[in-house]
Amino acid sequence: MANLNGFDANTVEPADELEPIPTGKYIAVITDSEMKPTKSGTGNYLQLTFQIVEGEYANRLLWVRLNLDNPNATAVEIARRELSAICRSVGVLVPTDSADLHNLPCVIHVRVKRRNDTGELQNEVKGYSKKDAVAQPIAASQVSGTDDQATSPPWKR
């Protein structure tokens, strides 16, 4: 249990209900990753937390689950292909740890779908692409490291 001594809900506005974000492409970074056991206990999935970093929906979170350890070979193949797409979109083709994928900008392709169990709308990440499909030339003076690289977020550098 957590100690909530000192908290008074009368002094804090309640959080608004979060509606799904519209279908579209959003610049995001992976902020967290964790291997978790499947509900059946027969495998594990990698859960990735994506945070949108620009635009109207900045700071919204979306989660992706990749069944990398599962008795169903098709599920594993789908997860490995999706992980490959994520790796390519962030430019890390041979990660040694899921943390290698953190804080690197990419474009996530989001859609809205209806849940089968509750009928509620929810977001689903259906694709990934590089943030900048075409690299822009940068002058050597801009790469010197004397600018605000130390204080700017990684996706803005």
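# Strands, salt bridges and a surface patch

Tyr 26 stands opposite Ile 108, a residue of strand E4. This briefing concerns a predicted model, and it follows the pairing of the strands before turning to particular side chains. Strand E4 pairs with strand E1 and also with strand E5, while strand E1 pairs in addition with strand E2. Among the side chains, Glu 124 takes part in a network of salt bridges with Arg 111 and Lys 113, and Ser 33 is a buried residue whose side chain is joined by polar contacts to those of Ser 98 and His 102.

**How the strands pair**

- Strand E1 covers residues 24-37 and strand E4 covers residues 106-114, and the two are paired in the antiparallel sense over 5 bridges.
- Strand E1 is also joined to strand E2, which covers residues 44-52, and here the strands run antiparallel with 9 bridges between them; within this pairing, Val 29 stands opposite Gln 51 of E2.
- Strands E4 and E5 are likewise antiparallel, and their pairing extends over 9 bridges, with His 109 standing opposite Gly 127 of E5.
- As a general point to keep in mind when looking at these strands, the side chains of a regular strand alternate between the two faces of the sheet.

**The two hairpins**

- E1 and E2 form a hairpin in which 6 residues lie between the strands, and Gly 41, found in the turn, has a positive phi of about 80 degrees.
- E4 and E5 form a hairpin as well, with 6 residues between the strands, and in this hairpin Gly 119 takes a positive phi near 80 degrees.

**Glu 124 and its surroundings**

- Glu 124 belongs to strand E5, which spans residues 121-130.
- When neighbours within four places in sequence are left aside, the residues in contact with Glu 124 are His 109, Val 110, Arg 111 and Lys 113.
- Thr 23 is 101 residues away from Glu 124 along the chain, yet the C-alpha atoms of these two residues are separated by 9.1 Å.
- The side chain of Glu 124 also makes a polar contact of 2.7 Å with the side chain of Arg 111.

**The salt bridges**

- Side chains of opposite charge can pair when their charged atoms come close.
- The model has 3 salt bridges by the rule used here, and one of them is formed by the side chains of Glu 124 and Arg 111, with a distance of 2.7 Å from N to O. This pair links distant parts of the chain, since Glu 124 is in strand E5 and Arg 111 is in strand E4, 13 residues apart.
- Lys 113 forms a salt bridge with Glu 124 too, and the closest N and O atoms of this pair are 3.9 Å apart. Here again distant parts of the chain are linked, with Lys 113 in strand E4 and Glu 124 in strand E5, 11 residues apart.
- Arg 111 counts as partly exposed because its relative accessibility is 36%, and Lys 113 is also partly exposed because its relative accessibility is 29%.
- Arg 115 forms a salt bridge with Asp 117, where the closest N and O atoms are 2.6 Å apart. Arg 115 is partly exposed at 31% relative accessibility, whereas Asp 117 counts as exposed at 58%.
- Through salt bridges that share partners, Arg 111, Lys 113 and Glu 124 are joined into one network.

**Ser 33, a buried residue in E1**

- Ser 33 is located in strand E1, and because its relative accessible area is 14%, which falls under the 20% cut-off, the residue counts as buried.
- The side chain of Ser 33 is joined to that of Ser 98 by a polar contact of 2.6 Å, and to that of His 102 by a polar contact of 2.7 Å.
- Apart from neighbours within four places in sequence, Ser 33 is in contact with Leu 46, Gln 47, Leu 48, Ser 98, Ala 99 and His 102.

**A nonpolar patch on the surface**

- Leu 4, Phe 7 and Val 12 form a nonpolar patch on the surface, and together they have about 340 Å² of accessible area.
- Leu 4 is placed in the segment before E1, and this residue counts as exposed because its relative accessibility is 62%, which is over the 50% cut-off.

Notes: Residues numbered from 1 in each chain as written. Predicted model: local features only at pLDDT ≥ 70, side-chain atom pairs only at ≥ 80, totals over all residues. Heavy atoms only, no water. Helix = DSSP H or I, 4+ residues; strand = E, 2+ residues; numbered from the N terminus. Contact = heavy atoms within 4.5 Å. Polar contact = N/O pair within 3.5 Å; in protein donor to acceptor, adjacent residues only side chain to side chain. Pairing = 2+ DSSP bridges. Patch = residues over 30% accessible without salt bridge, like charges linked within 9 Å, V, L, I, M, F, W, Y side chains within 5 Å. Areas by Shrake-Rupley, 256 points an atom, 1.4 Å probe, with all protein chains shown as cover. Salt bridge = Lys/Arg side-chain N within 4 Å of Asp/Glu carboxyl O. Buried < 20%, exposed > 50% of the residue type's maximum accessible area, 1.4 Å probe, protein only.
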